[in-house]
Amino acid sequence: MYRFPPFNPSSGRRCDFPTGSIFNDDSLEIIKKLPAASVDCIITDPPYFLGMTHNGQKGNFKDLSICRPFYRDLFQEFARVAKPEACIYFFCDWRSYAFYYPIFDEVLKAHNMLVWNKLSGPGNHYAFIHELVLFHAGKGANIGGTNIIAGVKAFASGAKSVDGAKVHPAQKPVDLIAKFINDSCPPEGVVLDTFGGSGTTAVAAVRTGRRFILMEQDEGYFLTACKRLEDEYRSE
Ligand SMILES: C[S@@+](CC[C@H](N)C(=O)[O-])C[C@H]1O[C@@H](n2cnc3c(N)ncnc32)[C@H](O)[C@@H]1O
């Protein structure tokens with residue numbers, strides 16, 4: 001059984017479950033406490049930033065350079081905690097891809113870009129109905145299919161019927177994360193999510209028989225994720 005490293009409660013809060021833990025703090029701090037080569041798969045969905053406003057003004061793409069050191073350090077931690085066989089899935093969209101790609105590729109190596117077709121309806125300016133996922137293939141990974149993922153609906157178009165209420169504005173469908181886990185994580189392997197939100201990755205890990213480590217800095221979302229996990233174990 002995976003053993004979690006000693007944790008200093010003064011640097012944040014955590015919630016332990018039979019097959020994983022959720023930490024409430026900055027992921028760049030928490031991840032440093034994980035042992036090297038201890039994680040079998042990383043699936044994470046960071047804030048996309050763009051469309052941000054400063055004092056009511058629309059943000060400038062170049063403003064994002066302030067985030068570059070954070071992501072370089074975080075990806076170096078991904079490289080340290082991931083086993084050589086671990087695949088890494090990093091969500092982004094048509095705007096944030098341009099920011100993340102060079103850093104991801106430099107530190108981790110990008111092997112592909114996955115396109116999740118959210119199956120949502122039409123809208124303005126050729127409504128964008130997809131999200132992107134930067135993908136690093138672990139050593140020996142052998143995943144079939146194509147880079148277009150089309151069978152999983154977003155909340156706006158139907159995930160609610162299987163995932164229950166939407167409790168986070170950027171909530172991903174459990175089935176999408178479960179697909180990535182089933183594609184690449186060994187049975188009972190450890191899945192890491194450093195931007196855990198409402199806990200979707202942890203729920204998907206429980207449903208697919210894997211273990212999980214989730215990190216979420218917002219206390220409200222941390223508590224939402226803990227509640228979701230409690231409900232998930234109760235319903236098993
Ligand atoms: C796009 S959302 C993830 C949503 C998630 N996939 C779900 O299904 O609920 C990104 C989350 O990352 C959290 N976050 C942002 N910066 C963080 C950091 N440095 N450490 C931990 N969490 C962070 C935000 O509070 C937000 O809930």
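Two strands count as paired here if DSSP finds at least two bridges between them. With that in hand, here are my notes on this predicted model.

1. **The hairpin at one end of the sheet.** Strand 1 and strand 2 form a hairpin with 2 residues between them. The two strands run antiparallel and share 5 bridges, and one of the matched positions is C15, whose bridge partner in strand 2 is I22. I22 is worth remembering, as the residue turns up again in the core described below.

2. **Strand 2 from its other neighbour's side.** Strand 2 (residues 20–24) also pairs with strand 11, this time in the parallel sense and over 4 bridges. Here S21 stands opposite I213. Cover is complete by count: 5 of the 5 residues in strand 2 are buried. G20, I22 and N24 point one way, while S21 and F23 point the other way, and all of them are buried.

3. **The sheet as a whole.** If you trace the full sheet, you will find 9 strands in an open arrangement, ordered 1-2-11-10-3-6-8-7-9, with mixed pairing. The edges belong to strand 1 (13–17) and strand 9 (148–149); each has a single partner strand, so one side of each is left without a neighbour in the sheet.

4. **Strand 8 and its partners.** Strand 8 covers residues 130–136, and 6 of its 7 residues are buried, so the strand is largely enclosed by the rest of the structure. Strand 6 (residues 82–92) pairs with strand 8 in the antiparallel sense over 5 bridges, with F90 matched to L134. Strand 7 (residues 112–117) is also antiparallel to strand 8, joined by 6 bridges; in this pairing L114 stands opposite V133.

5. **Two backbone angles to look at.** H125 lies in the loop between strand 7 and strand 8, and the place of Y126 is in that loop too. Phi of H125 is near 50 degrees, a positive value in a residue other than glycine. Y126 likewise has a positive phi, about 60 degrees, without being a glycine. Are these side chains buried or exposed? H125 is exposed, with a relative accessible area of 77%, and Y126 is exposed as well, at 83%.

6. **The largest nonpolar core.** This core has 36 residues, and the members touching the most others are I22, I43, Y89, F180, F212 and L229. Helix 5 (residues 174–184) gives the most to the core, with 6 residues. For a closer look, pick I43: leaving aside residues up to four places away in sequence, I43 touches Y89, F91, I177, F180, I181, V191, L192, D193 and T201. A second, separate core holds 33 residues, including V81, L108, A110 and M215.

7. **Helix 6 and what surrounds it.** How many of the 8 residues of helix 6 are buried? The count is 7 of 8, so helix 6 (residues 200–207) is largely enclosed by the rest of the structure. The buried ones are T200, T201, A202, V203, A204, A205 and V206. They pack against strand 3 (39–44), helix 5, strand 10 (190–193), strand 11 (211–215) and helix 7 (219–234). Just after helix 6, G209 takes a positive phi of about 75 degrees.

8. **The ligand site.** Which of the 21 residues around the ligand come nearest? They are D45, H168, S198, T200 and E216. T200 therefore deserves a second glance, since 7 of the 8 residues of helix 6 (residues 200–207) are buried and T200 is among the buried ones.

9. **Polar contacts and cover of the ligand.** Two aspartates approach nitrogen atoms of the ligand: a polar side-chain atom of D45 lies 2.8 Å from one, and an N or O atom in the side chain of D26 is 3.0 Å from a ligand nitrogen. On the backbone side, an N or O atom of K172 lies 2.9 Å from an oxygen atom of the ligand. The ligand has 610 Å² of accessible area on its own, and the protein covers 90% of that.

Notes:
Residues numbered from 1 in each chain as written. Predicted model: local features only at pLDDT ≥ 70, side-chain atom pairs only at ≥ 80, totals over all residues. Heavy atoms only, no water. Core = buried A, V, L, I, M, F, W, Y, C linked by side-chain atoms within 4.5 Å. Buried < 20%, exposed > 50% of the residue type's maximum accessible area, 1.4 Å probe, protein only. Contact = heavy atoms within 4.5 Å. Near = heavy atom within 4 Å. Polar contact = N/O pair within 3.5 Å; in protein donor to acceptor, adjacent residues only side chain to side chain. Areas by Shrake-Rupley, 256 points an atom, 1.4 Å probe, with all protein chains shown as cover.
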